[in-house]
Amino acid sequence: MAAGDLVTVTYRSEAPPGDEGFLSVRCDVTDGQQVDQAFKEAESAHGPVTALVANAGITQDRLLVRMSEADFTSVIDTNLTGAFRVAQRAVRGMLRERHGRIVLISSTAALHGAAGQTNYAAAKAGLVGFARSLTHELGPRDITCNVVAPGLTETDMTRALTEEQRQELLRQTPAGRPAHPDEVADAVAFLAGAGYVRGAVIPVDGGAGLGH
Ligand SMILES: NC(=O)c1ccc[n+]([C@@H]2O[C@H](COP(=O)([O-])OP(=O)(O)OC[C@H]3O[C@@H](n4cnc5c(N)ncnc54)[C@H](OP(=O)(O)O)[C@@H]3O)[C@@H](O)[C@H]2O)c1
């Protein structure tokens, strides 16, 4: 928005405050019809969607021996298939516009794994293969697809961690502190402007993966 872009924010349960200068539309990414409707509302208010950030995510952490199939598939459905639904809908319009930027929000769990997160890490790792395959499909067109892989970031998701889990994650993080959400947004904004960065995974993890 600071760059003058017209922004549509989607929400599932609770609309964000309405006076921030963006359009907000309800969208559950597990429902293809809601995804299509959200795009229609964004297009009718702002014109073609030329940048997409696929950010919706859930966790359902359990050790594998205790994980139900529903724990696994629900996390895949939101974090991976949800990204497929929104990216596929976005690419149709981007092909018409001959321009587009897609950024998928993954996680360091995709690259390093995490105990209790076989479902989440599999979904987030899937985004990497998805982005790289789409990069091949889009070939020389001016449509990019990249991945941002945040480490521990101060949001509602991490407020649910125990103090012990949080300290363990910080111990593995050279920066010694969690990311602020704005620091993840900085990487997204960079990718939204970068035409020759494609199929990349940008870690925003305070050095936890030392660039990997
Ligand atoms: N926080 C971290 O440390 C961290 C680290 C690495 C990666 N990430 C990733 O960063 C992204 C943002 O997470 P966050 O930390 O901001 O977590 P969060 O505070 O829990 O926010 C997750 C967001 O996803 C939305 N969402 C969940 N299921 C959805 C669905 N089916 N359809 C549409 N929206 C849905 C939630 O909407 P509701 O509020 O309606 O549920 C919420 O707005 C996620 O992809 C997460 O995996 C986070």
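On the face of helix 1 turned away from its buried side sit two exposed residues, Gln 33 and Ser 44. The model in which they appear is a predicted one. Helix 1 itself runs over residues 32-46, so to speak a stretch of 15 residues. From its first C-alpha to its last it reaches 21 Å, which is close to the 21 Å expected at 1.5 Å a residue.

Now for the other side of helix 1. Its buried residues are Val 35, Ala 38, Phe 39 and Ala 42. Around the helix axis they cover an arc of only 100 degrees, and that is why they end up on the same side of helix 1. What do these buried residues pack against? The list of partners holds three strands, namely strand 1 (8-11), strand 2 (23-26) and strand 3 (51-54), along with helix 2 (69-97).

The two ends of helix 1 have details of their own. At the start, a side-chain oxygen of Asp 31 comes to within 2.8 Å of the backbone nitrogen of Gln 33, and Gln 33 is one of the exposed residues already met on the outward face. Just after the helix, Gly 47 takes a positive phi of about 90 degrees.

Next comes the ligand. There are 24 residues around it, and the ones that come nearest are Arg 12, Ser 13, Asn 55, Tyr 120 and Thr 155. Tyr 120 also puts a polar side-chain atom 2.6 Å from an oxygen atom of the ligand. Backbone atoms join in too: a backbone N or O atom of Thr 153 lies 2.8 Å from an oxygen atom of the ligand, while a polar backbone atom of Val 29 is 2.9 Å from a ligand nitrogen. On its own the ligand has 890 Å² of accessible area, and the protein covers 79% of that.

Which helices supply at least two residues each to the shell around the ligand? Helix 4 (118-138) and helix 5 (156-159) both do. The largest share, three residues, comes from helix 5.

Finally, there is Arg 101, found in strand 4 (residues 100-105). Is Arg 101 buried or exposed? With a relative accessibility of 6%, Arg 101 counts as buried, because the cut-off for buried is under 20%. Leaving aside neighbours within four places in sequence, Arg 101 is in contact with a set of residues that includes Thr 50, Ala 51 and Leu 52, as well as Met 94. Also among its contacts are Asp 142, Ile 143 and Thr 144, and the run from Leu 191 through Ala 192, Gly 193 and Ala 194 to Gly 195.

How values were computed:
Residues numbered from 1 in each chain as written. Predicted model: local features only at pLDDT ≥ 70, side-chain atom pairs only at ≥ 80, totals over all residues. Heavy atoms only, no water. Helix = DSSP H or I, 4+ residues; strand = E, 2+ residues; numbered from the N terminus. Expected span 1.5 Å × (residues − 1). Buried < 20%, exposed > 50% of the residue type's maximum accessible area, 1.4 Å probe, protein only. Arc of directions from axis to C-beta. Contact = heavy atoms within 4.5 Å. Polar contact = N/O pair within 3.5 Å; in protein donor to acceptor, adjacent residues only side chain to side chain. Near = heavy atom within 4 Å. Areas by Shrake-Rupley, 256 points an atom, 1.4 Å probe, with all protein chains shown as cover.
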